[in-house]
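Reader: I should be grateful for a close look at a single part of this model, followed by whatever connected account of its surroundings can be given.

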Amino acid sequence: MIHGETMSESPPKSSDALRDRARQVLREGRFGHVLEAIGQGDVDISALLEELHVYHAELELQQEALRESEQASEIASQRFRGLYQEQPQPTLRISPEGEIRDLNAAAARLCAFEHRRFERLAAPRHQSFLCAALERALDDGKASCREVELRGREGAALIVDLVLIRLPIPNTDEFELICNIVDQTERIAQREALVEANAKLSAAAEIIDASNIVAFRWSPEPGWPIRYASDNVRRWGYRLEQIRSGEMHFADLVHPDDRAALEQGFDSFLGVEGPAFTQRYRILWADGSVHWVEEDTSVQRDEQGRILSIQGLIADVTERERIQQALRHQLQFQRLIAELSTQFLHATADAFDGLLQHALERIGRFFQADRCVLFRLDPQSQTLRQDCQWCAEGVAPSSPLLQATPLAQTPWRMTQIHRQQPIGITDIERLPPEAHLERAMLRARGTRALLAVALTSHGQLFGSLGLESARQPREWSEDEGQVLQLFGETIVNLLVRQQIQRDLLLSETRYRQVTSVMTDVAYASQRRDGGLFWIEWMTDSILALTGYTLEEVLAQRSWRFMVIEEDGELFDDNIVDLEPGQTSTCELRLRHKDGSLRWVRATTECQLDPSDPGVRRYYGGLVDISDEKTLSDKLAFLSHYDPLTGLANRRLMRKRIKRALTQGRRGARSLALLSIDLDNLKLINDSLGHQAGDQVLREVAQRLLGILGGNDTLARFGGDNFIWLTADQPTPETCSELVKQILEVLAPPVAIEDRAVLISASTGISLYPDDAVSADELIGHADAALHMAKAEGRGSYRFFTPETNERLHEQFQLEQDLRLALERDEILLHFQPRVDLRDGRILSLEALARWQHPERGLIPPGRFIPLAESTGLILQLGPIVLDLACRQLLDWQAQGVPVVPIAVNLSANELFLDGLAQRLANTAEAFGIAPEMLEFEITESAAMRSIERAVAAVTELRQRGFSIALDDFGTGYASLSYLNRLPVNSLKIDRSFLAEIDERPELPRQAIAILKAIIGLGENLGLERIAEGVETEAQRRFLLAHHCTVAQGYYYCRPLPAEQLEPLLRAGRVEAGGGL
């Protein structure tokens, strides 16, 4: 045995060894080897027994200590349970699975324990927080949740803090969780009350802080030490104590480039002792950003005129400066592109190079670049060679050795060029590894940053135009790339024209050189007096020109058989009948053997045969000018006809009008000119794309040509405008009939892919000699009449009258006044209540814009709202109306007037603006108006312009808490599927459907059917129904009978200003019939 062997090898001699042997005996319960050791005398039995008694006593002491520990643990456990049950802190015991095992009395008094699941203690929206806290406590040993909503014992909501602690279960390997609940309901209520009080107290400070005008006072000392600055200087990033310390100088805040001019301005102002002056300069904020400011400065002096201090009001005008700078930049670009285009258009061949150099300089200065470089592609070697460059002052030109680069050596650049997008390199050192050749080339040129565009035309690469920064890296914006692309297109047009002229000159030179010895086809013929004209010889090149072999032509004796019949007489006059000594040139059409036509220029000289005076000999040549003719015809067509529709263009039409006027004056004949505009082409372009719009224009042109009279002319002047000139003795009656015929032919829908698009047109008519005597007057008056027709709705037409000009002038003046009205706060609001038809309660208000003109008085919306929509001013008017409505809500709340939601109209132009929902939400938040207090009305026709964009816009508005009403419902063309997709809250039934319902017992069936259908549709879709234009008791009873309980109209109340509406809001209701 192992133990026996151990004992024999190391017998226990010491007391420690003997004690260990005794412990081993008692622990293992085996005595055989001990007895053997005693028998051998290796162990003293007395000593062993003594050690056994000692070890036994030690065990009894340990057992006694263990019993005392268990008793203490039981006492502690009983004390814990007593403390757990009696402590005032609500406490729960929770299993790891989330089951509530136990709760103390405080917890039972506080919370409602309808479920045993821990997370079900919380309100639904906070249950996930408890689950997450439970998982964190199990993982980390401890977790907490703040401001969780629980259900109280009495049903009230409690706001509590929870602390979860993981504890081991004694004598097991399991754990449980203890949850302490701290009721914070009262504390949070006090905190919110304190926050509200602080918010009111700090309102004035917030207004000041929100202002972008900072007040300063400086000492009249060098550097202008700051003695005072208003609190909102913190907007600049500086600490108030830092600014007001007296150690800062205002000059330190001024941009270094502007300090000298500002100091000079101050010195000039102080020298003349003026009352105040204004300067504009740049300020450095604490974060280093640069901001433009405008300062109004005044000086405080003592009785002797000495300066005590300088005061200034400094307004941040950075955004205004940015807009103005962008506008100036845009105008500069437009002027430059127009100037270059004009110069290129009228350039002669010998001026091309000088113009290019001038253009590069203008473009380089425009972009404030260091270099502007033009590279041209050598098609033979496929090498980009620098053609010319411009360098800014102090910038060295690139080395001549680096002005030509084969494309094959720069594959990365070739890849970028083929993409036909601007190549913007901010810093050549950041180029990708595959562009190492380009990096080395640009570094050698002394270029640090590059913006380049490929010069292409019809897929052919002509070169590149580049801007270079030689001194430092430069960020290139997307707009700069697009603008450079436009400049590149202008230059490439010049290069193409230059190339064409060079090719043409080269071709003409070669032609002259070749034709000096021979023509394309040379021939010799003879003719005896009165005899036949027959060929003696001809070059073989006749085959390439006509497809006939020389033998086939000679067999015919003359080449006249190839001349088309219409040119036969021209052939005889210029060739056959040519007198001796004469030379002629004419252009003839030959019929090729394959049936096609060839244009030739035939040059012929006639001589008498000296050996036979009765014989005339003809020597001539034929030159193929088919391509020249084709190009000439195309150029002639493009200069006089619209390439999209094939109709006469503006230039040709003006010539025809002038010619018709001349003929009309000679023959005392009348004329009529119709200016025709398609009504909805912009909508088609916006919704279906410009290709669809082009298809509509082509279809319209074909339809109009189908009814064009023999003495009429049709042209497309541009966009969606067509001009129809009739010289068939027109009268107002025949013109009216013609317009009706035009409307009829345009009525059938145009098929575009799988859509059927309806089109209509408005027409303006002017007559000669009644309305005009010149082409410009005739066109202008027709356009004026068209303008009036379009104002009256689609498909309208109007004749020009003297009053038309007056109305246009009045319309123009009204537009100018409206622009000023928006700036002068002349817009005000009236409000019309929406009421519950059952008891007259005011449910909401509709805000209606009114214009208080300083001279014309109160202008109704019917006069200025359409004008605002047609001129785009509605985009300025809409935000003004919303601001006024929000401000009125605040005023009523401040006066203690009960408020109801206000509905504001959104125009079609506003509905599709990017960022609309964010802008409206920002406005409501700025005024502190809850979204549910605002409703926005959109018309059915506006939504149908682009249903996809309308759905997106309305959905975002609903997500932000606003209500949406669909106005004028039933007057548009919305389908049920579209309506179902629009997430609106209510339908507004148009007033026109109620107009026929009055006190008569027999109500119009059609009106009743439409109204019932609309009300039923809204009810089935779960939408509120609001009737507009309720003016009689019969209409009220009808609506109530058909489950429409909300309405507005004169029967209850007319639109009123806020002060007149206030008593009604305080009363909370209006009486039926009270508005009549």
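Please begin with helix α13, residues 411-418: across which strands does this helix lie, and at what angle does it run to β14? From there, please continue to the sheet itself and to the other elements of the chain.

Author: The model is a predicted one, and the description below should be read in that light. Helix α13, residues 411-418, lies across β12, β13, β14, β15 (449-457) and β16 (460-469). Its direction makes an angle of about 135 degrees with β14.

The strands beneath this description belong to an open sheet of 6 strands, whose order is β13-β12-β11-β16-β15-β14 and whose pairing is antiparallel. The edges are taken by β13 (404-406) and β14 (423-425); each has a single partner strand, so one side of each is left without a neighbour in the sheet. On average, and with direction ignored, neighbouring strands of this sheet are turned by 20 degrees against each other.

Within the sheet, strand β11 (residues 371-378) runs antiparallel to strand β12 (residues 383-391), and 8 bridges join the two. One of the pairs can be named: phenylalanine 375 has glutamine 386 of β12 as its bridge partner. A further helix, α14 (residues 436-445), lies across β11, β12, β13, β14, β15 and β16. Helix α14 runs at about 130 degrees to β11.

Another open sheet has 5 strands in the order β23-β24-β22-β27-β28, and here the pairing is mixed. Its edge strands, β23 (712-718) and β28 (797-799), each pair on one side only. Neighbouring strands of this sheet are turned against each other by 20 degrees on average, again with direction ignored. At one edge, β23 pairs with strand β24 (residues 721-726) in the antiparallel sense, over 6 bridges. Arginine 716 stands opposite phenylalanine 722, which is in β24.

Two helices may be placed against this mixed sheet. Helix α20 (residues 650-667) lies across β22 (671-678), β23, β24 and β27 (761-768), and its course makes an angle of about 145 degrees with β23. Helix α23 (residues 732-746) lies across β22, β24, β27 and β28, running at about 155 degrees to β27.

The loops attached to these strands hold two backbone features. Between β24 and α23, the loop contains glutamine 729. This residue is not a glycine, yet glutamine 729 has a positive phi of about 50 degrees. With a relative accessibility of 39%, glutamine 729 counts as partly exposed. The loop between β27 and α24 (775-791) contains proline 769. The peptide bond joining tyrosine 768 and proline 769 is cis, with omega at about 5 degrees.

A positive phi also occurs at tryptophan 224, a residue other than glycine, where the value is near 55 degrees. Tryptophan 224 is found in the loop between β6 (213-218) and β7 (226-229). Its relative accessibility is 11%, so tryptophan 224 counts as buried, the limit for that class being under 20%.

A hairpin provides a further example of strand pairing. Strand β1 (residues 91-94) and strand β2 (residues 100-103) run antiparallel and are joined by 3 bridges. Leucine 92 has leucine 103, in β2, as its bridge partner. The hairpin of β1 and β2 has 5 residues between the strands, and glycine 98 takes a positive phi near 95 degrees there.

Helix packing can be followed in α27 (residues 874-894) and α29 (residues 916-927), whose axes are 10 Å apart and meet at an angle of about 30 degrees. The two helices are therefore roughly parallel to each other, since angles under 35 degrees are counted in that class. The crossing by which α27 passes α29 is right-handed. From α27, Pro879, Leu882, Asp883, Cys886, Arg887 and Leu890 take part in the contact, and they meet Arg919, Leu920, Thr923 and Phe927 of α29. By class, the residues of this contact comprise 6 nonpolar, 1 polar and 3 charged.

Finally, histidine 1043 lies in the loop between α34 (1033-1041) and β37 (1046-1048). With its neighbours within four places in sequence left aside, histidine 1043 is in contact with Ile1015, Glu1019 and Arg1025. Histidine 1043 and arginine 1025 are 18 residues apart along the chain, and their C-alpha atoms are separated by 8.8 Å.

Notes
Residues are numbered from 1 along each chain as its sequence is written. This is a predicted model: local features need pLDDT of at least 70, side-chain atom pairs count only at pLDDT 80 or more; totals for chains, interfaces and linings use all residues. Side-chain values use heavy atoms; hydrogens and water are left out. Two strands pair if DSSP finds at least two bridges between them. Helices (H or I, at least four residues) and strands (E, at least two) are DSSP runs, numbered from the N terminus. Axes are lines fitted to C-alpha atoms, for helices over the stretch in contact, and angles run from 0 to 180 degrees between N-to-C directions. Contact means heavy atoms within 4.5 Å. Angles under 35 degrees count as roughly parallel, over 145 as roughly antiparallel, 65 to 115 as roughly perpendicular and the rest as oblique. A crossing is left-handed if the near helix is turned anticlockwise from the far one by less than a right angle, and right-handed if clockwise. Ala, Val, Leu, Ile, Met, Phe, Trp, Tyr, Cys and Pro count as nonpolar, Asp, Glu, Lys and Arg as charged, and the others, Gly among them, as polar. Buried means under 20% relative accessible area, exposed over 50%, partly exposed in between (1.4 Å probe, protein chains only).
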